Amino acid sequence: DFAALERRRMEAARLLRQGLSQSEVARRVEVHRQSVSRWARELEESGVRGLRKAGRTGRPPKLSPAQLRDLERALGRGPEALGFASGLWTAARVRDLIEYRTGVRYHEDHVWRILRKLNWSCQRPTGKALERDEQSIRQWKKVAWPRIKKKALCERRTIVFIDESGLSERPPRVRTCAPRGHTPVLQHHFNWKVLPAAAGITWWNFYFRLYPGAIHATEAIDFLGHLLRHLPGKLLVVWDGLPQHRARLVTEFIRAQRGRLATERLPAYAPELNPVEYIWGYWKHHELPNFCPRDFTQLSYQARRAVRRMHRRSPLIRSFWHQAQLSL
């Protein structure tokens with residue numbers, strides 16, 4: 001810090017003028033004696049002004065603070081707003097942006113120093129569908145979700161969120177350790193199979209069902225029957241608008257329950273509102289990371305074991321609801 005160093009030089013000058021030895025001054029201001037000796041010569045030759053003139057060494061920065069603030073605002077608007085084809089910031093794009101707005105051209109390595117100075121870092125982006133209706137999603141959280149909770153309370157129904165996914169023989173890859181310059185390789189079957197699964201979550205528990213084939217209307221009905229057997233009373237199912245959820249067979253099955261089953265629809269392209277999405281994420285990336293099964297049977301066995309381990313951890317349920325940001 002330049003200001004702190006200057007204060008230290010001024011204190012050393014004051015002590016030297018009082019007649020203290022250089023060793024004593026070095027001890028008091030906590031610097032090396034050679035520094036005090038150099039300051040003493042400067043004080044004798046140029047006075048206190050000579051000690052004040054020491055400043056930052058090296059070349060001055062090419063971008064002024066105002067230009068850095070302008071760059072940060074431009075970065076915040078996103079690449080697409082500035083004419084780039086996609087929403088990814090790369091060092092080359094930031095370099096071109098700096099040159100376009102200021103006329104200063106940097107090497108890509110130096111661009112990262114500027115980004116770190118602006119408190120930007122390299123991160124893995126998440127995906128978001130272009131078809132999303134943000135207004136509709138906000139309206140659902142503000143209006144529909146309180147109405148759903150009120151309906152469940154008045155009709156004494158248990159709210160169950162439902163979603164489907166699949167676990168592949170291809171391993172969900174996460175970070176691992178390896179020697180520098182040697183990329184680790186996870187071996188797996190190239191023609192992998194998928195293990196479909198359906199899950200439902202309530203306030204206090206979640207329910208799994210694994211299927212040998214793709215999930216169609218008959219599997220959706222089977223999973224609804226599975227929930228009806230394990231959950232007493234009336235249920236309020238909240239799920240997305242997949243075709244199998246809107247199939248005629250499913251509609252007739254719900255009608256045949258004579259009011260025990262009611263359904264509500266999630267807004268389109270809003271998986272983050274469904275707590276079951278976070279079950280899938282934990283199942284794949286925390287329970288079965290880097291898992292390379294020998295065959296489909298081993299995949300199914302380990303997947304069921306992972307589910308049982310998750311069932312024993314009740315705080316996970318609260319964390320899934322918390323990540324969905326749905327008030328209970």
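**Note on the predicted model**

1. G83 sits in the loop that runs between α5 (65–76) and α6 (91–102). This is a predicted model, and the points below should be read as such. G83 has a relative accessible area of 65%. The cut-off for exposed is over 50%, so G83 counts as exposed. In sequence, G83 and L249 are 166 residues apart. In space, their C-alpha atoms are 48 Å apart.

2. Two residues other than glycine have a positive phi and deserve a look. For E30, phi is near 60 degrees. E30 belongs to the loop between α2 (22–29) and α3 (33–46). With a relative accessible area of 64%, E30 is exposed. For Q325, phi is near 55 degrees, again a positive value in a residue other than glycine. Q325 is in the segment after α13. Its relative accessible area is 59%, so Q325 is exposed too.

3. L328 also falls in the segment after α13. Is L328 buried or exposed? Its relative accessible area is 65%, which makes L328 exposed. L328 still has contacts with residues distant in the chain: W203 lies 125 residues away along the chain, yet the two C-alpha atoms are separated by 8.3 Å. Leaving aside residues up to four places away in sequence, L328 touches K149, W203 and W321.

4. L195 gives the opposite picture. This residue is part of strand β2. Its relative accessibility is 3%. Buried means under 20%, so L195 is buried. Not counting residues up to four places away in sequence, L195 touches S165, G166, L167, L210, Y211, F296, L299, S300 and A303. Y211, one of these contacts, is 16 residues from L195 along the chain, with 6.8 Å between their C-alpha atoms.

5. Helix α11 covers residues 276–287. Does its length agree or disagree with the expected span? At 1.5 Å a residue, its 12 residues should span 16 Å, and the end C-alpha atoms are 15 Å apart, so the two values agree. The buried residues of α11 are V276, Y278, I279, W280, Y282, W283, K284 and E287. K284 and E287, which count as charged, are on that list. The cover over these buried residues includes the strands β1 (157–168), β2 (194–201) and β3 (206–210). It also includes the helices α12 (296–311) and α13 (315–324).

6. The largest nonpolar core holds 41 residues. Inside this core, W140, F161, I201 and W283 have the most contacts. The elements that supply two or more residues to the core are α8 (134–155), β1, β2, β3, β4 (234–239), α11, α12 and α13. A second core is separate from this one and has 22 residues, including Y207, A220, A247 and L261.

7. I201 is one of the residues with the most contacts inside the largest core. What does I201 touch, not counting residues up to four places away in sequence? The list takes in I159, V160, F161, F206 and P275. It continues with V276, I279, I317, F320 and W321. Of these, V276 and I279 are among the buried residues of α11.

8. The largest pocket has a volume of about 440 Å³. It is lined by 14 residues, and those closest to its centre are W89, W120, S121, C122 and Q123. By class, the lining has 8 nonpolar residues, 5 polar and 1 charged.

9. The second largest pocket has a volume of about 290 Å³. Of its 12 lining residues, P60, P61, K62, Y106 and H110 are the closest to the centre. Which helix gives the most to this lining? Helix α7 (residues 108–117) does, with 4 residues. The lining of the second largest pocket divides into 6 nonpolar, 1 polar and 5 charged residues. For the lining of the largest pocket, the charged count is 1.

Methods
Residues numbered from 1 in each chain as written. Predicted model: local features only at pLDDT ≥ 70, side-chain atom pairs only at ≥ 80, totals over all residues. Heavy atoms only, no water. Expected span 1.5 Å × (residues − 1). Buried < 20%, exposed > 50% of the residue type's maximum accessible area, 1.4 Å probe, protein only. Contact = heavy atoms within 4.5 Å. 1 Å grid on protein atoms, 1.4 Å probe; cavity = no way out; pocket = protein on both sides within 12 Å on 5 of 7 lines; lining within 4 Å. Points joined across faces, edges and corners; volume = space filled by probe spheres on them. Core = buried A, V, L, I, M, F, W, Y, C linked by side-chain atoms within 4.5 Å.
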